[in-house]
Amino acid sequence: MDSALVTRFRQQVGERLIAQRRADAVNGLPPMCSEDERQFARAIIAELLQAYAHAELTAGRAAPDAKNEETLAAAVHAALFGVGRLQPLLDNPEIENIDINGYDNVFVSYADGRATTAEPVANSDDELIELIQMLGGYAGLSSRPFDTANPQLDLRLPDGSRLSAVMTVTRRPVLSIRRVRLAKVVLADLAGNGTLLPELGAMLAAAVAARKNIMIAGATNAGKTTLLRALANEIPPHERLITVERALELGLDQFPELHPNVVALEERLPNSEGLGAIGMTELVRRSLRMNPSRVIVGEVLGDEIVPMLNAMSQGNDGSLSTIHANSSGQVFARIASYALQAVERLPMSATHMLIAGAIDFVVFISHPRENSPAGSLRRFISSVREVVGVDERVLSNEVFAPGPDGRAIPHVPLACLDELVGYGYQPSGGWI
């Protein structure tokens, strides 16, 4: 296939789509939905292919046959709405991560731990940047720029994979894609693949049913989002869920049979004039005015932690979130450091009181290296802490601690044991 021709048609179709968007806005017409845009693009592609065939015949060259035209049209459509030459990698269910350091340095890692290189995904770094820009234009709820003024991009691909890209701060454009697995995952699935032991699964299910506020912690790529989905899928379907994310990835609204009443809020970045931004802090506050049964914050990375903790401690029980940390015990210091960034500027003692009044459990998920004692396990929950009070600092008990293989097993009795028993948890009593 002539990749230069695909690039040319993609640019022409993209320009026509942008022009149509602007014309609709000027005429006061509502924007086209995603499917309408795709159909409109197909019509433009067919028109361009017809003009191209006519030009080839006029020049005395052979025009593409029906099969080649169909292949070319599919490639142009994939370049616009899919991921272009990345698609074969994303179509491989065994691939877990894709890292691209410049268009011709492509590295993939597999679910079984293998790592290898792959074919280039573009013909140049400039074409790679154009591909990322096109993805930013069609992913999420609003356009996400990727240029010298906005050299960072985070978004969710149509298949749910997480994409992160940077430019100008590196010698060449860099793109990383983390595959999302088991989007419709429940705690029983995680018990089946070894992420947690059945008793811990039963305890967490009871904690969700009892509307306990749970913070999931771990390192990058540890599986925090997958665990968050599994916990969220234990929430009864009659509850109204509001999710708040920097880039849509939870996808709870994609399964109406589990959660028919979900509103997914996504942070909006500023436009080229620096206007129109809607940050996480504002979205968390907005979510509280939308009659939520529970608020789920995909990942806490800054001052949005204060309105979230306030929500947890003022009646929005049963909230869930994730945070980066190296251990379950470090989570409270990490939350306090984020709270210091907030406009409220709470003193440290007040911050710890807020944390203790808001969070019930911290669940830590580990991602061991191959040479670790638990290296045969890909990811697993290794620790669960229950917040029990505050005395200048947050007080907590490690109710589930690492067992012989690293996975969390009962360590000390829960302070809220009687309550969780009322929601179906039957402890083994095998505390260390």
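# Reasoning through a sheet and its helices

Analyst: In this predicted model, helix H10, covering residues 305-313, is mostly covered, since seven of its nine residues are buried.

User: Which residues of H10 are buried, and what covers them?

Analyst: The buried residues in H10 are Ile305, Val306, Pro307, Met308, Leu309, Ala311 and Met312. The elements that cover them include strand E7, helix H9 (280-287), strand E10 (294-297), strand E11, helix H11 (331-339) and helix H12 (348-358). H10 is followed by Gly315, which has a positive phi, near 115°.

User: What makes strand E7 count as mostly covered?

Analyst: A residue is buried when its relative accessible area is under 20%, and in E7, residues 214-218, five of five residues are buried. In a regular strand the side chains alternate between the two faces of the sheet. Here both faces are covered, with Ile214, Ile216 and Gly218 buried on one side and Met215 and Ala217 buried on the other.

User: How do you know that E7 pairs with E11, and with E12?

Analyst: Two strands pair if at least two bridges are found between them. Five bridges join E7 to E11 (residues 320-324), and the two strands run parallel; Met215, for example, has Ser321 as its bridge partner in E11. With E12 (residues 361-366), E7 again pairs in the parallel sense over five bridges, and there the bridge partner of Ile216 is Val363.

User: What is the order of the strands in the open sheet, and why are E9 and E15 called edge strands?

Analyst: The open sheet is formed by nine strands in the order E9-E8-E10-E11-E7-E12-E13-E14-E15, with mixed pairing. Strands E9 (262-266) and E15 (408-410) are its edges, as each pairs on one side only. On average, neighbouring strands of this sheet are turned by 30° against each other, direction ignored.

User: Which strands does helix H8 lie across, and which strands does H11 touch?

Analyst: Helix H8 (residues 224-232) lies across E7, E10, E11, E12 and strand E13 (380-391), and runs at about 165° to E11. Angles over 145 degrees count as roughly antiparallel, so the value of about 165° makes H8 roughly antiparallel to E11. H11 also packs on the sheet, where it touches E7, E11, E12, E13 and strand E14 (393-402), and its direction makes about 95° with that of E11. That value of about 95° lies in the range of 65 to 115 degrees, so H11 counts as roughly perpendicular to E11.

User: Why is H11 called oblique to H12?

Analyst: The axes of H11 and H12 come within 10 Å and cross at roughly 120°. This angle falls outside the ranges for roughly parallel, antiparallel and perpendicular, and therefore H11 is oblique to H12. The crossing of H11 past H12 is right-handed. Phe332, Ile335, Ala336 and Ala339 of H11 make the contact with Met348, Thr351, His352 and Ile355 of H12, and by class this contact has six nonpolar, two polar and no charged residues.

User: Why is Glu47 called partly exposed?

Analyst: Glu47, which is found in helix H2 (residues 34-58), has 45% relative accessibility. Buried means under 20% and exposed means over 50%, so a value of 45% lies in between and Glu47 counts as partly exposed.

Conventions: Residues numbered from 1 in each chain as written. Predicted model: local features only at pLDDT ≥ 70, side-chain atom pairs only at ≥ 80, totals over all residues. Heavy atoms only, no water. Buried < 20%, exposed > 50% of the residue type's maximum accessible area, 1.4 Å probe, protein only. Helix = DSSP H or I, 4+ residues; strand = E, 2+ residues; numbered from the N terminus. Contact = heavy atoms within 4.5 Å. Axes fitted to C-alpha atoms, helices over the stretch in contact; angles between N-to-C directions. Parallel < 35°, antiparallel > 145°, perpendicular 65-115°, else oblique. Left-handed = near helix turned anticlockwise from the far one by under 90°. Nonpolar A, V, L, I, M, F, W, Y, C, P; charged D, E, K, R; others polar.
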